[in-house]
Amino acid sequence: MADAYDFSGIWHSEYKVPSGPDKKVVDVEHDFVMYRHGEHLVLETLPKEDGSYMLARFTIDGRILTGTYHSQNSQQATAKGAAYYGAAQLVLDEDGDTLRGKAVGFGRDMQVKMSDWTLTRIHHPSHPGK
């Protein structure tokens, strides 16, 4: 069943997470490429000038992805170079171009936080216009 879905192309990731003592919501964005290995999917960010980075690994079950992530902040971020990791579960929309779900992980204050996470395909190799 998992073979029915194509994850190729470039995906834009957005998530919002409360940060700092005032719990200000920060938008975090990355562009990803995905590598599929059978029932597993690896997401890796494209290089960013600021040096931030994210790697995620998921198991595919139909349209449901369950896995873990590891992110590294840039040296320019408030939490300079901090590393974060946690778990996530995403659901692929029926059109196959958007993943939506939740990520959970700890913050610098050692409190567990949850955030909405959306990945949208911005380039599909077999559809040059997308």
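# Reading an eight-stranded model

Buried residues make up 41% of the 130 residues in the protein chain.

Colleague: Before we look at details, what kind of model is this?

Modeller: It is a predicted model. The values discussed here are computed from its atoms.

Colleague: How should I begin with the fold: how many helices and strands are there in the protein chain?

Modeller: One begins by listing the elements in chain order. Here there are zero helices and eight strands, and from the N terminus on the order reads β-β-β-β-β-β-β-β.

Colleague: What share of the contacts joins residues at least 24 apart?

Modeller: For this reading, one sets aside contacts between residues that are close in sequence. Among contacts between residues at least 6 apart in sequence, 36% join residues at least 24 apart. Two pairs illustrate separation along the chain. K16 and T118 are 102 residues apart along the chain, and 9.6 Å separates their C-alpha atoms. L92 and F7 are 85 residues apart along the chain, with a C-alpha separation of 9.7 Å.

Colleague: Let us turn to the interior. Which residues of the largest nonpolar core touch the most other members?

Modeller: One looks for the members with the most partners inside the core. This core has 22 residues, and those touching the most other members are F7, F58, L99, W117 and L119. The elements giving two or more residues to it are β1, β2 (24-37), β3 (40-45), β4 (53-61), β5 (64-72), β6 (83-92), β7 (98-106) and β8. The largest share, four residues, comes from β4.

Colleague: Is L92 buried or exposed?

Modeller: The relative accessible area settles such a question. L92 is buried, because its value is 0%, under the 20% limit for that class. L92 is placed in strand β6. Setting aside residues up to four places away in sequence, L92 touches Y5, F7, W11, R63, D97, T98 and L99.

Colleague: And S71: buried or exposed?

Modeller: S71 has a relative accessible area of 6% and is therefore buried. S71 belongs to strand β5. Apart from neighbours within four places in sequence, its contacts are Y15, Y53, M54, A82, A83 and Y84.

Colleague: How does K113 count, as buried or exposed?

Modeller: The name of a residue does not replace the computed value. K113 has 13% relative accessibility, so K113 counts as buried. This residue is found in strand β8. Beyond the neighbours within four places in sequence, K113 is in contact with V17, P18, S19, A103, V104, G105 and G107.

Colleague: I should now like to read the charged pairs. How many salt bridges does the structure hold?

Modeller: The structure holds four salt bridges. For each, one asks which residues meet and where they lie in the chain. In one of them, the side chains of K16 and D27 meet at 2.7 Å, N to O. K16 lies in strand β1 and D27 in strand β2, so this pair ties together parts that are eleven residues apart in sequence.

Colleague: What else can be said of the surroundings of K16?

Modeller: K16 is in strand β1, which spans residues 10-19. With 47% relative accessibility, K16 counts as partly exposed. Leaving out residues up to four places away in sequence, K16 touches V25, V26, D27, S115 and D116. The K16 and D27 side chains also make a polar contact at 2.7 Å.

Colleague: With which residues do D93 and D97 form salt bridges?

Modeller: D93 pairs with R100, the closest N and O atoms being 3.0 Å apart; R100 is partly exposed at 45% relative accessibility. D97 pairs with R121, the closest N and O atoms being 2.7 Å apart. This second pair links distant parts of the chain, since D97 is in the loop between β6 and β7 and R121 is in strand β8, 24 residues apart. Both D97 and R121 are buried.

Colleague: Finally, the surface. How is it described, and which residues make the nonpolar surface patch?

Modeller: One may take the total first and then a local feature. The protein chain exposes about 7600 Å², of which carbon and sulfur atoms supply 55%. V104, V112 and M114 make a nonpolar surface patch of about 290 Å². M114 lies in strand β8, residues 112-123, and is exposed, with a relative accessible area of 56%.

Note on methods: Residues numbered from 1 in each chain as written. Predicted model: local features only at pLDDT ≥ 70, side-chain atom pairs only at ≥ 80, totals over all residues. Heavy atoms only, no water. Patch = residues over 30% accessible without salt bridge, like charges linked within 9 Å, V, L, I, M, F, W, Y side chains within 5 Å. Areas by Shrake-Rupley, 256 points an atom, 1.4 Å probe, with all protein chains shown as cover. Buried < 20%, exposed > 50% of the residue type's maximum accessible area, 1.4 Å probe, protein only. Contact = heavy atoms within 4.5 Å. Polar contact = N/O pair within 3.5 Å; in protein donor to acceptor, adjacent residues only side chain to side chain. Core = buried A, V, L, I, M, F, W, Y, C linked by side-chain atoms within 4.5 Å.
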